[in-house]
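Let's take a walk through this structure, one region at a time. Keep the 3D view open and turn it as you read.

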Amino acid sequence: MGNRYLPKGMRPSTLDERREFYKSEFNLNGVKRWFSGWCGKTVFAVIIGRHTGIYPPEYEEEASTTILIENYADLEDVREWILEFLPESVYYDRNVYDEQGHAIGQEMAFDLDPENLTCPIHGSLEDKMRRHEGLSFCEIELEMVKDETIGLYEELSKRFSNLRIVYSGRGFHIHVLDEDVFGWSPEERAEVAREVKSKGFMIDEWVTSGGMRLIRLPYSLHGMVSRIVTPINISEIGDFNPIYDERCIPRFLKT
Ligand SMILES: [Zn+2]
């Protein structure tokens, strides 16, 4: 795991805390709302303990693998699976599938992570990797990634009309909900990713072009930092600070 520094108050969640969160706090109505415009069934996924090394002993062998949750009756059922695995992370597959399970489209998203930015104190991602701090980030990087997200949102607004921002636990995601974009080819997606990068934005191209299909599930718990993955309105993001914001702090950190 190497060394790790995180903003004040952020730390990995214990298994008991994950259980408590998904049992009594997980906003399933929020999840339902998030997918209200989707057609077809959503595939969910969990990673139990890849980055935290915290996992139920019976899942030691599967701790670092991505486990898909495809067979479920409803979201309450998905919650039951999550309570079984007590994962550090929960994701959903951005692919849209037809009845036979063939991918017929994909939601486009942009992933902005604080560790990719060059920090005046901690340096570039390469500097951090050399010190085995690849997943670490600080409060300065958090502010920087927020500014980057606002800039990218403005840029994307020129082209797309239905954008949503989500605080991911570390950085931010911008989801594109424009209907026609779901049908874009991988080449068209890669082209947008290249364009955005050429304008100086630091995004994970792999996510935008669709190579990485999974994205963190809104309202789930980010188990490395103990923060709730939270949709944030563009009008609120300027003042948003995940170190103090009540909306993204789980109850187990409030008592
Ligand atoms: Zn830093």
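What follows is a tour of a predicted model, starting at the metal site and ending with a few backbone oddities.

Start at the zinc ion. Which residues hold the zinc ion? Four of them do the job: C119 through SG, H122 through ND1, C138 through SG and E141 through OE, at 1.9 to 2.3 Å. If you like to spot such sites in a sequence, look for the spacing C-x2-H-x15-C-x2-E, which these donors follow along the chain. The two cysteines tie together distant parts of the chain: C119 sits in the loop between β6 (108-112) and α4 (125-130), while C138, 19 residues apart from it, belongs to the loop between α4 and α5 (139-157).

Now for the geometry. The angles between the four donor atoms run from 96 to 115°, so the arrangement around the zinc ion is tetrahedral. For reference, the ideal angle for four tetrahedral donors is 109.5 degrees. Are the two cysteines buried or exposed? Both C119 and C138 are buried. C119 gets that label because its relative accessibility is 3%.

While we're on cysteines, how many disulfides are there? A search of the whole structure turns up zero. C248 is in no disulfide, and the nearest cysteine sulfur, the one on C138, is 17 Å away. C248 is also buried, at a relative accessible area of 0%.

Next, find the sheet. It is an open one with four strands in the order β6-β8-β7-β12, and the pairing is antiparallel. At the edges you'll see β6 and β12 (230-232), each of which pairs on one side only. Ignoring direction, neighbouring strands in this sheet are turned against each other by 30° on average. In general, strands of a sheet pair through backbone hydrogen bonds.

Let's go across it strand by strand. β6 pairs with β8 in the antiparallel sense over five bridges, and A109 stands opposite H175 of β8. Although β6 is an edge strand, five of its five residues are buried. Both of its faces are covered: M108, F110 and L112 are buried on one side, and A109 and D111 are buried on the other.

Moving on, β8 (residues 172-176) also pairs with β7 (residues 163-167), again antiparallel and over five bridges. Two pairs of residues are handy landmarks here: Y167 is opposite F172, and V166 is opposite H173. The hairpin of β7 and β8 has four residues between the strands, and G169 there takes a positive phi near 110°. Four of the five residues of β7 are buried, so the rest of the structure largely encloses this strand.

On to the other edge: β7 and β12 pair in the antiparallel sense over three bridges. Y167 turns up again here, standing opposite T230 in β12.

Now step over to a glycine in another strand. G105 lies in β5 (residues 103-106). With a relative accessible area of 15%, G105 counts as buried, because the cut-off for that label is under 20%. Which residues does G105 touch, leaving aside those up to four places away in sequence? They are R94, N95, V96 and F182. You can also look for S185, which is 80 residues from G105 along the chain, yet the C-alpha atoms of the two are separated by 8.3 Å.

Last stop: two backbone oddities. Most residues other than glycine have a negative phi. H132 has a positive phi of about 60° although it is not a glycine. You'll find H132 in the loop between α4 and α5, where it is exposed, with a relative accessible area of 56%. S226 is another non-glycine residue with a positive phi, near 55°. S226 is in the loop between β10 (221-222) and β11 (227-228). Is S226 buried or exposed? It is buried, at a relative accessible area of 0%, whereas H132 is exposed.

Note on methods
Residues numbered from 1 in each chain as written. Predicted model: local features only at pLDDT ≥ 70, side-chain atom pairs only at ≥ 80, totals over all residues. Heavy atoms only, no water. Donors = N, O, S within 2.8 Å, 3.2 Å for Na, K, Ca; no water. Tetrahedral: all angles 85-135°; square planar, octahedral: opposite > 155°, others 65-115°. Buried < 20%, exposed > 50% of the residue type's maximum accessible area, 1.4 Å probe, protein only. Pairing = 2+ DSSP bridges. Axes fitted to C-alpha atoms, helices over the stretch in contact; angles between N-to-C directions. Disulfide = S-S within 2.5 Å. Contact = heavy atoms within 4.5 Å.
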